Amino acid sequence: MAVQSFMLPLGTVAPPFQLPDVVSGRVVSPDDFAGKPLLVIFLCAHCPYVVHVQEELARLGRDYSTEKLGIVSISSNDAVTYPQDGPEGLKTFALKNGFVFPLAYDEAQDAARAYQAACTPDFFLFDASHALVYRGQLDDSRPGKGTPNGRDLRAAIEAVLSGKPVAETQRPSIGCSIKWK
């Protein structure tokens, strides 16, 4: 069943986390991106909403994962119930899609709770001081409806990178619910 993101209040400071990247094994944290904007993406390997946008996520990484913008994705799903969302399945998913950003596994689900992530995908864009400036949808495409282009999220990223304000009208992300333990 599709659910909407909770829309964490704008201005919220990026909650801390220290999670292992499933590809490199390196521990990632918002502190790794101190002084630059940060995009945090909650996703998983099996959700049809994520599968629908996986190529656009890879494009976002190639287009923006530079020294100007930090990107980290996190999967918080219960891997007992959804084994493909465990570290090995996520590693395969990240490599298959050519993700150039870390995909961290949140086994304890603490990061999802701290960010109030509700669905996959769920997007959180923070400015250089790591204050939340955008939370919402990638674009208005959905599985079986439209081709993902990242329009909404890309507009927010471009605004942040050019020092302009992000549009106040933000639509919640829609996707599969986080699979809680």
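1. Let's start with a charged pair in this predicted model: the side chains of R151 and D152 form a salt bridge, with 3.7 Å from N to O. A little further along the same theme, salt bridges with shared partners link E56, R59, D63 and R154 into one network.

2. R151 also has a partner in D140, and their side chains meet in a salt bridge at 3.1 Å, N to O. R151 belongs to helix α4, while D140 sits in the loop between β9 and α4, so this pair ties together parts eleven residues apart in sequence. R151 counts as partly exposed because its relative accessibility is 44%, a value that falls between the 20% and 50% limits. D140 is likewise partly exposed, at 32%.

3. Another pair to find on screen is D32 with R26, whose side chains make a salt bridge of 3.5 Å, N to O. D32 has 40% relative accessibility and so counts as partly exposed. R26, at 43%, is also partly exposed. Searching the whole structure turns up seven salt bridges. As a general reminder, side chains of opposite charge can pair when their charged atoms come close.

4. Now for the nonpolar side of the picture. The largest nonpolar core contains 35 residues, and those with the most contacts inside it are L43, L57, F99, L125, L153 and I157. Which elements supply at least two residues each to this core? They are the strands β4 (38–42), β6 (103–105), β8 (122–126) and β9 (132–136), together with the helices α1 (48–64), α2 (87–97) and α4 (151–161). The largest share, six residues, comes from α1. It may help a newcomer to recall that in soluble globular proteins, nonpolar side chains tend to be buried together.

5. F99 is a handy place to pause, being among the residues with the most contacts inside the largest core. What does F99 touch, once neighbours within four places in sequence are left aside? F99 is in contact with L43, Q54, L57, A58, F93 and A94. Of these partners, L43 and L57 also appear among the residues with the most contacts inside that core.

6. Finally, do look for the second core, which is separate and has 20 residues. Its members include A14, L19, V40 and F42.

Definitions and conventions: Residues numbered from 1 in each chain as written. Predicted model: local features only at pLDDT ≥ 70, side-chain atom pairs only at ≥ 80, totals over all residues. Heavy atoms only, no water. Core = buried A, V, L, I, M, F, W, Y, C linked by side-chain atoms within 4.5 Å. Buried < 20%, exposed > 50% of the residue type's maximum accessible area, 1.4 Å probe, protein only. Helix = DSSP H or I, 4+ residues; strand = E, 2+ residues; numbered from the N terminus. Contact = heavy atoms within 4.5 Å. Salt bridge = Lys/Arg side-chain N within 4 Å of Asp/Glu carboxyl O.
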